[in-house]
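Welcome! Take a moment to look over the structure below before reading on.

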Amino acid sequence: MDNQVEARKFIVPIGPQHPALKEPGHFEFSVEGEVVTGASVRLGYVHRGIEKAAESRNWTQNLYLFERICGICSHVHATALTLGVEKLANLQVPPRAQAIRTLMGELERIHSHLLWLGVAAHEGGFDTLFMYSWRDRETVMDLLESISGNRVHYSANIIGGVKFDIDDQRKDAILRGMDFLEPRTRHYLDVVTGDRTFIARTRGIGGMTREQAELLGAVGPTARASGVTRDVRVDSPYAAYPDFPVNVVTDEGGDLAARFVVRIKELFETYRLVREILAKLPPGELAVRALRRVPAGETVSRVEAPRGELFYFLKSAGADKPDRVKVRTPSLCNWATVTQVAVGHKLADMPMLLSGIDPCFSCNDRLVRVNRGRDSELMSWEALRRYGIEYYQK
Amino acid sequence: MFFPGGLFVIAAGLVYEWIDRKLVARLQNRVGPRWFQPLADLVKLLAKEEITPEGVNRSLFYLLPVVALAAALCTALYIPMAGFAPSYSFRGDLIVALYMLSVLTICMGVAGANTLDRFSLLGATRTLTQMFSYEAPFLLALLGPAIAAGSWQINEINAYAHAHPWDILVFQVFGLAVALVGTMGKLELPPFDAPEAETEIVAGAMTEYSGRGYALFRLGKNVELIIALTLVASFYLGGISNPLDFLLKTLGLLLIMAVLQSLFARLRIDQTVGLWWRLGALLALVNILVVFFIRMKGIHL
């Protein structure tokens, strides 16, 4: 992902270390005065080799490893992996476990969307909204901690079920939390649709038509803000979503304002869903016993992360370790939309535009291409394997 | 020397910076800094190593912060600081004071343009652009009371405002708004902080400054905060006659400024320019016309 920017232009570099970016990524904006005439992205600063590391760990260990791909949407990564492995192993997971998985996923969506709201407001210089939305986010963080004991990596999933049960006391606490958050969220919706200075920074900025969104392969709220009805929870329901259907929230605006509206309206849908799951929590076991070895086979597992479609490809050779795991995170799909719509906007809009897709850098760094003068070459998987074996034999 | 001299102005600047930060923090539901934080920042910055970036004019790089602070401190000589008579006063000192106030902004712009850093250059462009947008309305707004008083001498305007407080406050309420918001533009406070928007251009014109130079620029801004608040209070809020008067009026203005700071999203630089020339300049002109009219008819409340 290294588009060449023409030389001899005034280029403003943002990143890999920059106050606007809390995670490393490098962006080059060529500008004329304040107007952006070109944009390019370079990723890969936090490539951690997780896919390779997975091949030397067993499935249970991998559950913990993959949860650590992302610090915000950790639960959906573990869910995608367990759903895939359960499909390979042909396990029938109890409905209560599926419902609790879904519940955790939705609570995580609340915390992720509120976090994004604060970050995006901060990029636009609206620190008051940042501070208030993060204060309210603590409610759901406390709930997640009281359920799982952890604020970030909940480790709720195990292969074949979940670890934690939701008893009546926790149910009440979650419902109280939802009752607190709903009016607060309504207030934030009023702010982002009613505050004149805020609208001046979001309306008509980064506009993307439905055709563009489909062409560039946008996913998640970014696509839904352009009117694309694309949501894995609806298109191919997983876990408990067949029993608890979701209404897709879309907006025709296509601009930054629409992305704010879509994410905030999704929060209301999530509150409704959490209440419904708690009201109709199916009784039963929390997990079924899973074998260490997973039968040989290949499968694809898709879930809807807060940022969009999260895609897992799993290949097992029948051992207790995976043969290959491939992860594609939603942030990677959405980058093209940023570089496309950036041109013609003001430099001052760039931070908000970047954060508008809710990027997660460490999630999407799967591959690095190091250009070291003329030494650069691309290797096939077989060639790389041979090279590795020969390198260590020397 | 100390009271109400230069050291007092600096100390008051630090205290007012703390009050401003604390108020904004409380409005944003944060805890905010402790009372000595601005002083601690200053001491720390002064003690730090100063890095001279490559490609700058060295003498300009070291001179500009000093000139900026000196200009700000000189302005303090002409205003009724803390309610005492100004140290120096002559016919037309208002014009001198207003130009001296702009020296800090110009110094920051030149300091940004002096370095090769791209964030500094963009910041310098924005700083100067912003100056050209708020400066004219700000000047016009401060001229309103001067015309009403029939004098260009700060001391006399202060005395006139003290004698006829309601005349100015009621007839020139637009002028008060423009002057107060103009102060925020001058000090690059939110929502007019596009020149130093940290999410876009790091620290704007100040990006390459570290240590002493940065400390002096910040101190200059603190001094300007005090001066601008004193000027607005003495012109529009019925003059300043004693230290208690000074405290109440300037702190009241600071509170309004803190609320305004936490209420809005940052304006883009083109929005700032548009706002000032479309609305700010218009309000200031209306204000001046009202002042002329009232002076011709000799209306008093």
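Here is a short tour of this predicted model, moving from a whole chain to an interface, a helix pair and a single residue.

## Chain B as a whole

Let us begin with the overall build of chain B. Its secondary structure consists of 12 helices and zero strands, so reading from the N terminus you meet α-α-α-α-α-α-α-α-α-α-α-α.

How far does the C-alpha trace of chain B span along its principal axes? The spans are about 60 × 45 × 40 Å. A compact globule with 301 residues would have a radius of gyration near 19 Å, and chain B, with 19 Å, agrees with that. Of the 301 residues in chain B, 51% count as buried. Among contacts in chain B with a separation of 6 or more, 80% are between residues 24 or more positions apart.

## Where the chains meet

Chain B and chain A touch each other, and the contact takes 24 residues from chain B and 24 residues from chain A. On the chain B side, the elements giving two or more residues are α5 (118–149), α9 (198–201) and α12 (269–297). That side of chain B is made up of 11 nonpolar, five polar and eight charged residues.

## Two helices side by side in chain A

Two packed helices are described by the angle between their axes and the distance between the axes. In chain A, helix α6 (residues 168–194) and helix α11 (residues 256–279) have axes that come within 10 Å and cross at roughly 160 degrees. Because angles over 145 degrees count as roughly antiparallel, α6(A) and α11(A) are roughly antiparallel to each other. Their crossing is left-handed.

Which residues do the helices bring together? From α6(A), they include A:Ile174, A:Leu175, A:Met178 and A:Tyr188, while α11(A) offers, among others, A:Phe260, A:Ile264, A:Phe268 and A:Tyr271. By class, this contact has 15 nonpolar, two polar and three charged residues.

## A closer look at A:Val162

Finally, find A:Val162, which sits in strand β5 (residues 161–162) of chain A. Is A:Val162 buried or exposed? A:Val162 has 26 other C-beta atoms within 10 Å, and 20 or more are enough for a residue to count as buried, so A:Val162 is buried.

Leaving aside residues up to four places away in sequence, A:Val162 touches A:Ala97, A:Ile100, A:Arg101, A:Ala156, A:Asn157, A:Leu286 and A:Ala287. A:His111 lies 51 residues from A:Val162 along the chain, and their C-alpha atoms are separated by 20 Å.

Key:
Residues are numbered from 1 along each chain as its sequence is written. Chains are lettered from A and ligands numbered from 1 in the order in which they are written. This is a predicted model: local features need pLDDT of at least 70, side-chain atom pairs count only at pLDDT 80 or more; totals for chains, interfaces and linings use all residues. Helices (H or I, at least four residues) and strands (E, at least two) are DSSP runs, numbered from the N terminus. A residue is buried if 20 or more other C-beta atoms lie within 10 Å of its own, exposed if 12 or fewer, and partly exposed in between; C-beta atoms are placed from the backbone. Two residues are in contact if their C-beta atoms, placed from the backbone, lie within 7 Å. Axes are lines fitted to C-alpha atoms, for helices over the stretch in contact, and angles run from 0 to 180 degrees between N-to-C directions. Angles under 35 degrees count as roughly parallel, over 145 as roughly antiparallel, 65 to 115 as roughly perpendicular and the rest as oblique. A crossing is left-handed if the near helix is turned anticlockwise from the far one by less than a right angle, and right-handed if clockwise. Ala, Val, Leu, Ile, Met, Phe, Trp, Tyr, Cys and Pro count as nonpolar, Asp, Glu, Lys and Arg as charged, and the others, Gly among them, as polar. The radius of gyration is taken over C-alpha atoms; the globule rule is 2.2 Å times the number of residues to the power 0.38.
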